[in-house]
Every structure is written in structure tokens, then in C-alpha cells.
Amino acid sequence: MTTTKPTLFSEIGNLIKELNPETISSERKTILQPLTDFIQSKVSGNQEIRINFICTHNSRRSHLSQVWAQTMANYFNIKNVFCYSGGTEATALFPMVAETLQNSGFQINTISKNDNPVYSIKYTDNEHPIIGFSKKLDDDFNPKSEFAAIMTCSQADGGCPFIAGAEKRIPITFEDPKVFDNTPQQAEKYNERNLQIATEMFYVFSQINS
């Protein structure tokens, strides 16, 4: 029996084809390796793979990481991958993140509008959408055990020395595009971070032998 590879929305697929993992430095690849090892160990053991991307406000980097990791698992046809995100506190998913993802080809729909909007983020027609909203890392929406906690910002990594239930804690920090908010460079810098995260998640999942 052959398994049909899921089909991403064409704009996302075209963006992925243009990513160049050779731009990732050897130092950065060393930082990414523990996540690759975690995923590979779960795949080899035929176990579910739960990854919770964590930053301070769960508003920017953690969401971009969650969305691209889930998308790359689909792209490389790696099954039973469930990606989450959370913060040390809850604020709101920053609108520029949703706009950047939409410009990358994701279908974004606002499910509810309030101080902490809830978004449906789709990367393909036949999979559940990613539900994007800001939440604390231990929110009921997130797993309680058997997950890898990926610390996407140094502040959360330093301020949160213990993540309850995490099987593995892995710091993979990214520079915060927030510093460019309300500047002429905002869209450019958010897309720069978006492409970095997409490239690094592509690299991680491309290493998995399924």
C-alpha cells in the first residue's frame, strides 16, 4: 500500500522550494540537532511526537515556529506530529504574524475577535487547521506530558528553568521582530524571521528517517 503525500497550498509549496538550508550555519545546526534527535527517536519508536514552542508572550516567534513545524511535518509526510505553542504569560497573537503567514500562502480566518483573537491557520485542504491564539504554556489547549519544550526566546528560557511535564527541554532561540514594530522595516523584518524559522524547520524535518 502506497501512502499519498499530502498536498500543501501551492503558494506555500513554492515558498518551501525556494528555501535554502545551506544558509544555516554549522553552529546553528548544532543548536537544532537535539530537536531532530527528539523527533527521530519518536519516529523510530512509532510514538506520537508532541512539540510545544514557548516564548514569553506567545505572540510572535512561538507561533511562527509552531506553524512551520506542523507544515514541514506534513511536507515530509512525517505522521503523528502535534505542534503547540505557549508563553510564560498570555497576551495576543500579534496581527503582523498572521499577515506574514497569509503572505506566505496560509489561509487565515479570524474565529473570534477580542483582546486575544483566535485564528484558524490552514496549510492544506485536508488537515485540521492550526488554532492560533496566545496562551500560557500550561494551558489546557497544550499537552501535559511527553512533549519537547522548545524555548524560542532567551527571556523565557532564562526565566522558566522548569517546564512541568516536558520530556525534553531544548533552547532554540530567535531574535524578536518586535523591535521593528511600527517602523518602516516591520513587514521586512517579520518576513525575515518567518523565512529563517521556515528554513530551520525544513532542515530539522528533512533529517528524519521515517
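**Entry 1: ground rules**

I take contact to mean heavy atoms within 4.5 Å. Buried, in these notes, is under 20% relative accessible area, exposed is over 50%, and partly exposed is in between, with a 1.4 Å probe and protein chains only. Helices (H or I, at least four residues) and strands (E, at least two) are DSSP runs, numbered from the N terminus.

I am working on a predicted model, where local features need pLDDT of at least 70 and side-chain atom pairs count only at pLDDT 80 or more, while totals for chains, interfaces and linings use all residues. Residues are numbered from 1 along each chain as its sequence is written, and side-chain values use heavy atoms, with hydrogens and water left out.

**Entry 2: helix α2**

I started with α2, which covers residues 26-44. Its buried residues are Arg28, Leu32, Leu35, Thr36, Phe38, Ile39, Gln40, Lys42 and Val43. What do the buried residues of α2 pack against? I found β1 (49-55), β6 (147-151), β7 (166-171) and α6 (186-206).

Next I checked the length of α2. The expected span is 1.5 Å times one less than the number of residues, so the 19 residues of α2 should cover 27 Å, and the 25 Å between its end C-alpha atoms agrees with that. I also noted a kink of about 40° at leucine 32, shortly before proline 34. The bend at a residue is the angle between axes fitted to the seven residues ending there and the seven starting there.

**Entry 3: two residues of α2**

Lysine 42 sits in α2. Is lysine 42 buried or exposed? It counts as buried because its relative accessibility is 6%. Leaving out residues up to four places away in sequence, lysine 42 touches Gln47, Glu48, Ile49 and Glu167.

Valine 43 is also in α2. Beyond its neighbours within four places in sequence, I see valine 43 in contact with Ile49, Ile78, Ile208, Asn209 and Ser210. I compared its position with glutamate 11: the two are 32 residues apart in sequence and 28 Å apart in space, C-alpha to C-alpha.

**Entry 4: glutamine 207**

Glutamine 207 lies in the segment after α6. I have it down as partly exposed because its relative accessibility is 40%. Not counting neighbours within four places in sequence, glutamine 207 is in contact with Thr36 and Gln40. Its C-alpha is 33 Å from that of phenylalanine 180, which is 27 residues away along the chain.

**Entry 5: positive phi**

Most residues other than glycine have a negative phi. With that in mind, I looked up some positive values.

- Asparagine 46 follows α2 and has a positive phi near 55°.
- Asparagine 58, not a glycine either, has a positive phi of about 45°. I place asparagine 58 in the loop between β1 and α3, and it is buried, at a relative accessible area of 0%.
- Asparagine 182 has a positive phi of about 60°. It belongs to the loop between β7 and α6, and at 76% relative accessibility asparagine 182 counts as exposed.
- Glycine 105 comes after α4, with a positive phi near 115°.

**Entry 6: α4 and methionine 72**

In α4 (residues 95-103), I list Met96, Val97, Ala98, Thr100 and Leu101 as buried. Their cover includes α3, β3 (107-112), β4 (118-122) and α6.

Methionine 72 is in α3, and it counts as buried because its relative accessibility is 0%. Which residues is methionine 72 in contact with, leaving aside its neighbours within four places in sequence? I got Ile16, Leu19, Ala198, Met201, Phe202 and Phe205. The C-alpha atoms of methionine 72 and leucine 8 are separated by 9.7 Å, though the two are 64 residues apart along the chain.

**Entry 7: the largest pocket**

For the largest pocket I have a volume of about 530 Å³. Of its 22 lining residues, Gln70, Val81, Phe82, Tyr123 and His128 are the closest to its centre. A pocket here is an open set of points on a 1 Å grid over the protein atoms alone, where a 1.4 Å probe fits, with protein on both sides within 12 Å along at least five of seven lines; lining residues have an atom within 4 Å of a point. Grid points are joined across faces, edges and corners, and the volume is the space filled by probe spheres set on them.

Among the contributors to the lining, α3 (61-75), β2 (81-87) and β5 (130-132) each supply at least two residues. I sorted the lining into twelve nonpolar, seven polar and three charged residues. Ala, Val, Leu, Ile, Met, Phe, Trp, Tyr, Cys and Pro count as nonpolar, Asp, Glu, Lys and Arg as charged, and the others, Gly among them, as polar.
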